[in-house]
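Me: I have a structure to go through with you. May I ask about it piece by piece?

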Amino acid sequence: MAANTPQPVPKVLRVIATPEALAVIARLRTLHGALMFYQSSGCCDGSSPMCLVDGEMLLSPADLLLGEIGGVGFHMSPSQFAYWQHAQLIVDVVLGHGDSFSLESALGLSFVTRSRLFTDDEAAALATACP
């Protein structure tokens, strides 16, 4: 390949998960079937990612699907997306009880959202795509 040939730009993902979180998601899918994630804009634990049985929470037509982690859709409200649009969300899991509505709570675990800012190249790639 010639030195000045443009390299393909890898797809930029808005949400990813750690291997530990993916293992818990797989376990929860085995226990509960189809799942969904929702990152709300509430306070305290309400701003943590909630893992629910798919369809257990009605989504607003305005809610955004940011991607999938472990084969599970990850949704967010538009107001929350306004704050997070410049960062990649990294779903992780920690010991301890978080949101009691989230399925991993019964396992003594809690999903948490970590983040990193997109690079300039990633931000430019996302500017041409929908959330």
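Me: Is glutamine 85 buried, partly exposed or exposed, and why?

Reply: Glutamine 85 counts as partly exposed, because its relative accessibility is 32%. Buried means under 20% relative accessible area, exposed means over 50%, and partly exposed is in between (1.4 Å probe, protein chains only). Please note that this is a predicted model, in which local features need pLDDT of at least 70 and side-chain atom pairs count only at pLDDT 80 or more, while totals for chains, interfaces and linings use all residues. Residues are numbered from 1 along each chain as its sequence is written, and side-chain values use heavy atoms, with hydrogens and water left out.

Me: Where does glutamine 85 lie?

Reply: Glutamine 85 is in the loop between α2 (78–84) and β6 (87–95). Helices (H or I, at least four residues) and strands (E, at least two) are DSSP runs, numbered from the N terminus.

Me: What does glutamine 85 touch?

Reply: Leaving aside residues up to four places away in sequence, glutamine 85 touches Arg14 and Phe118. Contact means heavy atoms within 4.5 Å. Glutamine 85 and phenylalanine 118 are 33 residues apart in sequence, and their C-alpha atoms are 9.1 Å apart in space.

Me: Next, pockets. What is the volume of the second largest pocket?

Reply: The volume of the second largest pocket is about 150 Å³. Eleven residues line this pocket, and the closest to its centre are Arg14, Gln85, His86, Phe118 and Ala123. On a 1 Å grid over the protein atoms alone, a pocket is an open set of points with protein on both sides within 12 Å along at least five of seven lines, whereas a cavity is a set where a 1.4 Å probe fits but cannot get out; lining residues have an atom within 4 Å of a point. Grid points are joined across faces, edges and corners, and a volume is the space filled by probe spheres set on the points.

Me: Which helix gives the most to that lining?

Reply: Helix α3 (residues 120–127) gives the most to the lining of the second largest pocket, with three residues.

Me: And cavities: how many of 30 Å³ or more are found?

Reply: A search of the whole structure finds one. The largest cavity is lined by Arg14, Leu66, Met76, Phe81, Trp84, Ala87 and Leu89. At least two residues of this lining come from each of α2 and β6.

Me: Let us change topic. How is strand β2 placed, covered or not?

Reply: Strand β2 (residues 35–39) is mostly covered, with five of its five residues buried. Leu35, Phe37 and Gln39 point one way from β2, and Met36 and Tyr38 point the other way. In a regular strand the side chains alternate between the two faces of the sheet.

Me: Which strands does β2 join?

Reply: Five bridges join β2 to β3 (residues 49–53), and these two run antiparallel. Four bridges join β2 to β5 (residues 72–76), and these run parallel. Two strands pair if DSSP finds at least two bridges between them.

Me: Which bridge partner does tyrosine 38 have in β5?

Reply: The partner of tyrosine 38 in β5 is histidine 75.

Me: Finally, how many aromatic pairs are there?

Reply: A search of the whole structure finds two aromatic pairs. The rings of phenylalanine 37 and phenylalanine 74 are stacked, because their centres are 5.8 Å apart and their planes are at 25°. Phenylalanine 37 and phenylalanine 111 form an edge-to-face pair, 5.1 Å centre to centre with 75° between the planes. Rings of Phe, Tyr and Trp (its six-membered ring) pair if their centres lie within 6.5 Å; planes under 30 degrees apart count as stacked, over 60 as edge-to-face and the rest as tilted.
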